[in-house]
Amino acid sequence: MAFNIRMGLPEMEALWIDLSTRKQQGKLDRDEEKFFKKLVKALGYLAENPRHNSLASHEIDDLTRKYGIKVFQSYLENRTPAAGRIFWAYGPDKRDITVLAIEPHPEDQKRGAYQRIKLSALPSAKTQAE
Amino acid sequence: MFLRKIVPFFQITQIKLTFDNGGKSHHTKTMPTLTLERSKQKRRPAVVEDYDVAADAKKRISLRNAKTKYFHVKAFSNGCFLLEPRVLVSPEAISARSLKMLDKSVANLKKGLVSAPIDLSAFAEA
């Protein structure tokens, strides 16, 4: 493989170990199986070629500016509006990629959508008059 | 009042009290959302429609020409309701949980504390 994939948090490594062990034992439930399949596929592409078309990898400028290292985002699935995402960065060594965060699926309209609603502006008096 | 006892008045007038009344203290510059900027309103909002409505059998009323899909509703004890328009955060925005995860991961990465390479070879066929 072109790159070594490493996990940035012990919790993520524990999750990977748990899922991969249970996969080998055939003890994953349907949702876990589905997620694990997507994760393995995405990490496989990431190890081979981080710029693989299926990953749609792109740098997140705001995060790059925030952390001072280039932070990229790749998708776990295609043609899905609420696709799961992986955040990753190159390093710590050459030929290393560190997975910084995995978001299995952003909360959809039903689950917790109202918590994400933020206050918007009242239309200005000018636009109201029009 | 306490300040007046120990500071001369001419100095009090020079003190600039600044506090955030913009209502967007939860916003971070690094992670902008699609939330619209709260505009500085110079004039009070004008009344553009004035009508009476009747609640239906399920005690619902309809808004005419509503500009946004979501509203925050405040019900007052005197029977009044106040609606404030709201918008959904962009799907590109990152949840607070993921951002926390990123903070920790980046701190670890900068210290060189990362896991051993994960072995994908066993699942190459998966």
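Q: In what order do the elements of chain B run from the N terminus on?
A: This is a predicted model. The secondary structure of chain B comes to 3 helices and 2 strands. Read from the N terminus on, they run α-α-β-β-α.

Q: What share of the residues of chain B count as buried?
A: A residue needs 20 or more other C-beta atoms within 10 Å of its own to count as buried. Chain B has 126 residues. Those that count as buried come to 7%.

Q: What share of the contacts in chain B with a separation of 6 or more comes from residues 24 or more positions apart?
A: The pool here is the contacts in chain B with a separation of 6 or more. Within that pool, residues 24 or more positions apart account for 27%.

Q: Is B:Asn65 buried or exposed?
A: B:Asn65 sits in the loop between helix H2 (9–12) and strand E1 (70–75) of chain B. Its phi is near 55 degrees, a positive value in a residue other than glycine. The cut-off for exposed is 12 or fewer other C-beta atoms within 10 Å. B:Asn65 has 6, so it is exposed.

Q: How do the elements of chain A run from the N terminus on?
A: Chain A holds 4 helices and 6 strands. From the N terminus on, the run is β-α-α-β-α-β-β-β-β-α.

Q: Over which residues of chain A is the pLDDT below 50?
A: Chain A averages a pLDDT of 78, and 77% of the residues score at least 70. One stretch falls below 50, though in the model it has 39 contacts beyond near neighbours in sequence. That stretch is residues 116–130.

Q: Which strands are the edge strands of the open sheet in chain A?
A: The sheet has 5 strands with mixed pairing, in the order E1-E5-E4-E3-E2. An edge strand here pairs on one side only. The two are strand E1 (4–7) and strand E2 (58–59) of chain A.

Q: Which elements of the sheet does helix H2 (residues 30–48) of chain A touch?
A: Helix H2 of chain A packs on the sheet, and its direction makes about 125 degrees with that of E1(A). The buried residues of H2(A) pack against strands of that chain. The strands touched are E1, E3 (72–75), E4 and E5 of chain A.

Q: Which residues of H2(A) are buried?
A: H2(A) has 19 residues and reaches 27 Å from its first C-alpha to its last, close to the 27 Å expected at 1.5 Å a residue. Its buried residues pack against E1, E3, E4 and E5 of chain A. They are A:Leu39, A:Val40, A:Ala42, A:Leu43 and A:Leu46.

Q: Why is E4(A) largely enclosed by the rest of the structure?
A: Strand E4 of chain A covers residues 85–90. In the sheet order E1-E5-E4-E3-E2, E4 stands between E5 and E3. E4(A) is largely enclosed because, of its 6 residues, the number buried is 5.

Q: How many bridges join strand E4 of chain A to strand E5 of chain A?
A: E4 (residues 85–90) and E5 (residues 96–103) run antiparallel. A:Arg85 stands opposite A:Glu103 in E5(A). A:Tyr90 stands opposite A:Ile97 in E5(A). The bridges joining E4 and E5 number 6.

Q: Which residue of E4(A) stands opposite A:Phe72?
A: E3(A) and E4(A) run antiparallel, joined by 4 bridges. Opposite A:Phe72, in E4(A), stands A:Trp88.

Q: Which peptide bond is cis, with omega near 5 degrees?
A: E4(A) and E5(A) form a hairpin with 5 residues between them, and A:Gly91 in the turn has a positive phi of about 120 degrees. A:Pro92 also lies in the loop between E4 and E5 of chain A. The cis bond runs from A:Gly91 to A:Pro92.

Q: How many other C-beta atoms lie within 10 Å of A:Ala56?
A: A:Ala56 lies in the loop between H2 and E2 of chain A. Its phi is near 50 degrees, a positive value in a residue other than glycine. A:Ala56 is partly exposed, and the count of other C-beta atoms within 10 Å is 13.

Key: Residues are numbered from 1 along each chain as its sequence is written. Chains are lettered from A and ligands numbered from 1 in the order in which they are written. This is a predicted model: local features need pLDDT of at least 70, side-chain atom pairs count only at pLDDT 80 or more; totals for chains, interfaces and linings use all residues. Two strands pair if DSSP finds at least two bridges between them. Two residues are in contact if their C-beta atoms, placed from the backbone, lie within 7 Å. Axes are lines fitted to C-alpha atoms, for helices over the stretch in contact, and angles run from 0 to 180 degrees between N-to-C directions. pLDDT is the predictor's confidence in each residue, from 0 to 100. The expected span of a helix is 1.5 Å times one less than its number of residues.
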